[in-house]
Amino acid sequence: LSPGGVYTSGKGSSAVGLTASVVRDPETRELVMESGALVLSDLGICCIDEFDKMSGTTRAILHEAMEQQTVSIAKAGIIATLNARTSILASANPVESRYNPSLSVVENIQLPPTLLSRFDLIYLILDAPNVDNDRMLGQHLVGLYYETPNVVEPPLDHGLLRDYIAYARENIHPELSDLASRELISAYIEMRRGGSGGNGGRGRTISATPRQLESLIRLSESLARMRFSRVVTRTDVREAVRLMKVATQAAATDPRTGRIDMDMITTGRSTLERELEENLGASLKELLIERRGNRMSVSEIRRTMEELLNTQVQQEDLTEVLRMFEADGLVQYSERSQTVFVRAGVVG
């Protein structure tokens with residue numbers, strides 16, 4: 001649908017395949033640069049399938065492209081910065097191909113939070129049983145195998161839609177009106193206020209960041225461009241806020257508390273998880289001060305912590321705190337024997 005659109009698969013993509021490669025020309029024998037998918041889709045869209053199966057090295061390339069809209073290379077004496085002003089549409093499967101609603105989006109998809117937070121909209125497409133939808137999908141798929149395919153015709157001609165998108169991209173460049181600017185600021189403040197907790201500020205979560213404000217601006221401009229309008233109105237801003245709430249903020253809801261916490265996407269951990277780790281670390285340090293010079297088993301420490309905190313302590317959380325203490329020189333942690341030796345120099 002989009003002119004200049006490029007499709008690639010995460011499993012079959014490499015870092016140079018997305019950015020650019022330097023090869024030797026077979027005729028002139030000179031080094032030349034060949035553009036990758038992100039550069040070829042400049043001013044278009046780059047569709048990446050199987051995003052979760054892409055290697056970590058390849059995904060790291062996307063950070064600059066999604067933040068700066070450029071790709072920098074320095075290979076074989078060629079130093080260049082190429083334009084990659086592209087929109088990225090990516091699809092990823094959850095771990096074990098099944099979404100677990102009791103876990104966060106980051107834990108389900110296992111993508112780096114630094115990359116996940118760069119997407120303007122994050123939609124969770126769950127396969128919930130629905131008789132009407134299942135019947136329509138079944139009729140469509142079966143209709144494809146008829147001698148004369150019996151499929152649902154789209155309400156708009158494919159060619160007309162493609163020309164419509166191309167014209168809007170090329171000729172329509174909306175600007176923010178004063179009313180739209182004030183509406184954006186008000187919406188951003190309201191989203192930020194939604195993360196304010198009671199209890200004197202304790203339990204505060206981050207429900208919006210400046211990156212979400214930039215996303216709202218881009219979405220508002222896109223909605224105005226769809227209408228062939230050269231001015232962004234308050235209606236566009238309100239629709240952008242609605243899309244943000246039903247998409248990204250729904251994905252950023254903490255399954256434990258039910259509250260919107262953008263830290264789930266930006267850092268991969270919720271505010272509640274960080275507070276629990278801080279409480280665990282403080283209580284554990286008090287215990288270690290009492291047991292200076294002694295060796296303790298991890299199971300004993302975990303049992304004592306659960307009695308002190310009156311809550312269940314996960315083995316992974318306890319191990320992470322113990323390794324942090326070991327890096328600070330407070331304890332000697334043996335993973336093989338699952339024991340901890342408390343050094344004599346532990347102080348409060």
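1. Start at serine 297, which sits opposite threonine 339 of strand 12. This is a predicted model, so read everything below with that in mind. The two strands involved here, strand 10 and strand 12 (residues 339–342), pair in the antiparallel sense, and three bridges hold the pairing.

2. Now widen the view to the sheet around that pair. It is an open sheet of three strands in the order 10-12-11, with antiparallel pairing. Strand 10 (295–297) and strand 11 (331–334) are the edge strands: each has a single partner strand, so one side of each has no neighbour in the sheet. On average, and ignoring direction, neighbouring strands here are turned by 20 degrees against each other.

3. Which helices go with this sheet? Helix 14 (residues 298–309) lies across strand 10, strand 11 and strand 12, and runs at about 75 degrees to strand 10. Helix 15 (residues 315–327) packs on the sheet too, touching strand 11 and strand 12. The direction of helix 15 makes about 130 degrees with that of strand 11.

4. A residue worth finding in this part of the chain is leucine 276, in helix 13 (residues 271–290). Is leucine 276 buried or exposed? Neither label fits: its relative accessible area is 47%, so it counts as partly exposed, given that buried means under 20% and exposed means over 50%. Its C-alpha atom is separated by 9.2 Å from that of valine 313, and the two residues are 37 residues apart along the chain.

5. Next, a pair of helices. Two packed helices are described by the angle between their axes and the distance between the axes. For helix 8 (residues 178–193) and helix 9 (residues 210–226), the axes come within 10 Å and cross at roughly 140 degrees. That angle makes helix 8 oblique to helix 9, since over 145 degrees would be needed to count as roughly antiparallel. The crossing of these two helices is right-handed.

6. What makes the contact between helix 8 and helix 9? From helix 8 come Leu184, Tyr188 and Met191, while helix 9 brings Pro210, Leu213, Leu216, Ile217 and Ser220. By class, the residues of this contact are seven nonpolar, one polar and no charged.

7. Helix 8 has another partner to look at, helix 10 (residues 234–246). The axes of helix 8 and helix 10 come within 8 Å and cross at roughly 25 degrees. The two helices are therefore roughly parallel to each other, because angles under 35 degrees count that way. This crossing, like any such pair you check, deserves a look at its hand: helix 8 and helix 10 cross in the right-handed sense.

8. On the helix 8 side of that contact you'll find Leu179, Ala180, Glu183, Leu184, Ala187 and Met191. Helix 10 supplies Arg234, Val237, Arg238, Val241 and Met244. The contact of helix 8 with helix 10 counts eight nonpolar, no polar and three charged residues. If you go back to the helix 9 contact, Leu184 and Met191 of helix 8 are listed there, and they are listed for helix 10 as well.

9. Moving towards the start of the chain, look at strand 2 (20–24) and strand 3 (31–35), which have a loop between them. The two strands run antiparallel and are joined by five bridges. One of the residue pairs is valine 23 with its bridge partner in strand 3, valine 32. Together strand 2 and strand 3 form a hairpin with six residues between them.

10. The turn of that hairpin holds a backbone detail. Most residues other than glycine have a negative phi. Arginine 29, in the turn, has a positive phi of about 65 degrees, although it is not a glycine. With 52% relative accessibility, arginine 29 counts as exposed.

11. Where is leucine 43 found? Look in the loop between helix 2 (37–40) and strand 4 (45–49). Leucine 43 has a positive phi of about 65 degrees as well, and it is not a glycine. Its relative accessibility is 53%, so leucine 43 counts as exposed.

12. Finally, the overall picture. The protein has 15 helices and 12 strands. Of its 348 residues, 34% count as buried. Taking the contacts with a separation of 6 or more, 61% are between residues 24 or more positions apart.

Technical notes. Residues numbered from 1 in each chain as written. Predicted model: local features only at pLDDT ≥ 70, side-chain atom pairs only at ≥ 80, totals over all residues. Heavy atoms only, no water. Axes fitted to C-alpha atoms, helices over the stretch in contact; angles between N-to-C directions. Helix = DSSP H or I, 4+ residues; strand = E, 2+ residues; numbered from the N terminus. Parallel < 35°, antiparallel > 145°, perpendicular 65-115°, else oblique. Left-handed = near helix turned anticlockwise from the far one by under 90°. Contact = heavy atoms within 4.5 Å. Nonpolar A, V, L, I, M, F, W, Y, C, P; charged D, E, K, R; others polar. Buried < 20%, exposed > 50% of the residue type's maximum accessible area, 1.4 Å probe, protein only. Pairing = 2+ DSSP bridges.
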